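Me: I'm new to this one and would like to go through it slowly. Could you take me through it once it is on screen?

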Amino acid sequence: MIQVHDYHKAYRDTVAVAGLSFGVEAGQVLGLVGPNGAGKTTTLRAIAGIIPPTRGRLVVAGHDVAVDPVAAKRRFAYIPDDPKLFESLTVTEHLAFVATAYEVAEHASKASRLLEQFELTEKKNALIQELSRGMRQKVAICCGYLHDPSAILFDEPLTGLDPHAIRTLKQTIVERARAGAAVIISSHLLSLVEDLCTHLLILQRGRALFCGPIGQARALYAGHQADASLEEVFFRATDRAAAPEALAASGPAETLEVRP
Amino acid sequence: MKSLSLPPALRLLLVYQMRARLRKLARAAKTVKGALALCVLFGMVLFMLGSAVIASFVVPRSAIAIGPTFISPALLAFCVLAVITTGPESGIFFFPAEVDLLFPAPFHRRQLLLYRLSGLGIGVLLVSLYFSVFLLFVARYWFFGFFGCLLALIFIQLLPMTLALVLSIVGARAYSRGRKLALAGFFVLAALAAGQAVGNRSAGGIVAFVAQVRSSGVGTSLLAPFDVFSRTIGAESFFPAFVGWGTLALAIDAVLVGLILRLDADFLESSVTASQRLYARIERARRGQLWSNLSAPSAARWRIPVLPRWAGAGPIAWRHFVTALRGSRGMLILVAMLAGGMLLPVLFLERDELTAVAAMVGGLAPYICFFILPQLLQFDFRGDLDGMDLLKTLPLPPLAVAAGELATPVVVATAMELPLALIAAVAWADWRLFVAALAIIPALNLMVFAIENLAFLWFPYRMQALGGADFQSFGRQMLIMFVKFGVVLFGAGAAAAVGGLAWWLAGQSWTAFGLAAWLVLALIGLSLIPLVALAFKNFDPGLDKAE
């Protein structure tokens, strides 16, 4: 559903992402993890068609994001970190706008269900500027879900959410993946990734340290410890990569590609 | 071509946004302070429009030659500025919500451009309607002024967009080379035109000088594309003048729109960067740090020794002093721009005009001191809106916090105004003027900034982030300005009365007058500090920040 081939992104002399390749199939949930500045958001924004890649190919649902961005964008939803919404528009107006943009049939009933699911029904006529950070996040998620996307890109989705909303969001992610959506979750919350994700992509300094099923990551980085936490896996992976001998061995723009 | 039509969703969004602005106005009118602010604003606008309409009947059109003379050079200057300021970091501005919601949505780039252009068009239409009333002076018919103004403003909006797209396509290096060549050519031609005008200069001051530049061979060629707009406004007949010039102006804008839509550059990334940068600037301006947008803050090596504690006022004031010092470069640039804008015409003025301008600058001085500077120097509670929680948690008495918050703007404003007093003292060869200013200016500034902070703490208001004019904020600013003038007038009146009494009692002693007047002003200013402290004590960040 989501295919990234040899993705490079450079800003003048700074290489944000170097030669990244991975894929997420329908029904898979990929956890995108890495230290600050690893290139996670840059990767998500490139898949979302907001920033063009310096090199490489990004494909969503068979549509190249650079060649046919509109067709690709129809198929996915991108929920950014701290989503900005139109301050003076109401929640309902946001959903009506998104429904028109994505040509969603019978959007009123869908919107109503989503608002109920995320406990926003009472706020449907409230202006965005009147909502708390968490409620805005919920509105952004509802907007993202409204057109039943085939691929969903989350950037730190839990920020500001209350426990109820966190549980609801987790449930919906699992449900949508089961229904055939490909999901990418970029987060520093390794417990969230551990709970939800079937696959893992560890990025560091714009390079992939690992990409594959979570079990494979455990086998690779935690030896035979089947119950090793993701946190342990993450630290071992990043510490190993940060070691001078590992960096020297990795060479320029080399990418470890592990296909599921 | 489907991508060249505005999709229903973007049309809907434009309608929602217009409706949202009306709703915001209606909501504001429901609260007492909001209604008051709007009443003041609309009263002022009606007064200005009414004055313009009446004056257009009273003042003969032939007496107002300045309008058409300056429109084309102003447009040319804007054009040059746009070329200079367009750089690798330029881009077409989209609001943060548009970046987050529209960029990942299924719209073509051209559709997004069309949406941006439509939004700009609606804004420009409203602004042109307003300004067209003031063009009644120079336009034979209202519609001529409106149409010419509309097309000129559209040109102003389209040019930077076109340049940003051209830059995206040709690349920063090629653009920079082309820009250097174009600017060098322009400055050579401008120097030639100015040289010709100086050579032919006759009496008549700045208007005559600009007219000479316009009529010189080089000046005529340089200004020809921009004359189209001013000639549309000042057309003497519907046909052929207005129709001819109007069609040409329309064609210029149409070419720019066509270019923007046809270039089809991948502007999304540069727009994201440019929008983030502009948004950050707007946020800084909202926090009262407009000056910080003109220059990066100076390095941390610019330091001030920590002030003594002074019951807690010291550290509060010190923090603002450090911010002021590190932003001083930006502040100086802003003040230089203001002063330059006011003084530049003086270079070209005749003697009688100079007297008129001196009177105008003198008249503007209170406006600058009591309105511009207080807006500029928000090193007080107004600049601390986001830090109110922290201020509230400090183990300091409110009076100390209030005194500390007021210290920096009073000192900085005084430091900016005293050189003017020194110039006046030298010009009039009377040192007592400077001594009087040295005593009175800090007291007056204390009054002014105390009122600003009182108004802010009683009726906190955060300028809206983006999107549309913030009418409520404008109205509120005007209201505060009236209150400030009222209090300053009251203070000055009381000081003059007490000073007069002292003058009479002391046997017509001007020293007694000055001392008594200063004492009254200082007492009024100092008496406002406990009021500010009380307002701070009662300030509820939880309630007021969300507005």
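Reply: Let me settle one term before anything else: a helix here is a DSSP run of H or I at least four residues long, a strand is a run of E of at least two, and both are numbered from the N terminus. Please also keep in mind that this is a predicted model.

Me: OK, so with that in mind, where is Pro240(B) found?

Reply: Pro240(B) is found in helix α10 of chain B, which covers residues 238–263. The peptide bond that joins Phe239(B) to Pro240(B) is cis, with omega at about 10°.

Me: Other backbone oddities, then: which residue other than glycine has a phi near 60°?

Reply: Ala311(B) is one of them, with a positive phi near 60° in a residue other than glycine, and it lies in the loop between α11 (268–286) and α12 (313–326) of chain B. Gln508(B) is also not a glycine, yet has a positive phi of about 60°, and its place is in the loop between α18 (471–505) and α19 (510–538) of chain B.

Me: And is Gln508(B) buried or exposed?

Reply: Gln508(B) counts as exposed because its relative accessibility is 55%, and the cut-off for exposed is over 50%.

Me: Switching to helices. How many residues does α17 of chain B have, and how far does it reach?

Reply: Helix α17(B), residues 431–458, has 28 residues and reaches 41 Å from its first C-alpha to its last, which is close to the 40 Å expected at 1.5 Å a residue.

Me: Where is the kink in α17(B) centred?

Reply: The kink in α17(B) is about 30° and is centred on Ala437(B). At the N-terminal end of α17(B), Asp430(B) acts as a cap, with a side-chain oxygen lying 3.1 Å from the backbone nitrogen of Arg432(B).

Me: What about α5(A), how many residues of it are buried?

Reply: Eleven of the 13 residues of α5(A) are buried, so this helix is largely enclosed by the rest of the structure. Among the buried ones are Arg136(A), Lys138(A), Cys142(A), Cys143(A) and Gly144(A). From its first C-alpha to its last, α5(A) reaches 19 Å, close to the 18 Å expected at 1.5 Å a residue.

Me: Now the empty spaces. How many cavities of 30 Å³ or more are there?

Reply: The count comes to two cavities of 30 Å³ or more, and the largest has a volume of about 170 Å³.

Me: Which residues lie nearest the centre of the largest cavity?

Reply: Of the 19 residues that line the largest cavity, Tyr78(A), Cys143(A), Gly144(A), Asp100(B) and Leu101(B) lie nearest its centre. The lining draws on both chains, since β6 (76–79), α3 (91–101) and α5 (133–145) of chain A, along with α4 (96–102) of chain B, each supply at least two residues.

Me: And the nonpolar interior, how many residues are in the largest core?

Reply: The largest nonpolar core has 155 residues, and Phe22(A) and Ile184(A) have the most contacts inside it. Helix α6 of chain B, residues 142–170, gives the most to this core, with twelve residues. There is also a second, separate core of 44 residues, which includes Leu373(B), Val410(B), Val520(B) and Leu528(B). As a general tendency, nonpolar side chains in soluble globular proteins are buried together.

Me: What does the side chain of Ser72(B) make a polar contact with?

Reply: The side chain of Ser72(B) makes a polar contact with the side chain of Asp227(B), at 2.5 Å. Ser72(B) sits in helix α3 (residues 66–85) of chain B, while Asp227(B) is found in helix α9 (residues 217–233) of chain B. Ser72(B) is buried, with a relative accessible area of 0%, and Asp227(B) is buried with a value of 8%.

Me: Last topic, distances: how far apart in space are Leu153(A) and Val183(A)?

Reply: Leu153(A) and Val183(A) are 6.0 Å apart, C-alpha to C-alpha, although 30 residues separate them in sequence. Leu153(A) belongs to strand β7 (residues 151–155) of chain A and counts as buried at 0% relative accessibility.

Me: And how far apart are the C-alpha atoms of Glu269(B) and Trp428(B)?

Reply: The C-alpha atoms of Glu269(B) and Trp428(B) are separated by 58 Å, and the two residues are 159 residues apart along the chain. Glu269(B) has its place in helix α11 of chain B and counts as buried because its relative accessibility is 17%, where the cut-off for buried is under 20%.

Conventions:
Residues are numbered from 1 along each chain as its sequence is written. Chains are lettered from A and ligands numbered from 1 in the order in which they are written. This is a predicted model: local features need pLDDT of at least 70, side-chain atom pairs count only at pLDDT 80 or more; totals for chains, interfaces and linings use all residues. Side-chain values use heavy atoms; hydrogens and water are left out. The expected span of a helix is 1.5 Å times one less than its number of residues. The bend at a residue is the angle between axes fitted to the seven residues ending there and the seven starting there. A polar contact is a pair of N or O atoms within 3.5 Å; within protein, one must be able to donate a hydrogen and the other to accept it, and residues adjacent in sequence count only if both atoms are side-chain atoms. A nonpolar core is a set of buried Ala, Val, Leu, Ile, Met, Phe, Trp, Tyr and Cys residues joined through side-chain atoms within 4.5 Å. Buried means under 20% relative accessible area, exposed over 50%, partly exposed in between (1.4 Å probe, protein chains only). On a 1 Å grid over the protein atoms alone, a cavity is a set of points where a 1.4 Å probe fits but cannot get out, and a pocket is an open set with protein on both sides within 12 Å along at least five of seven lines; lining residues have an atom within 4 Å of a point. Grid points are joined across faces, edges and corners, and a volume is the space filled by probe spheres set on the points.
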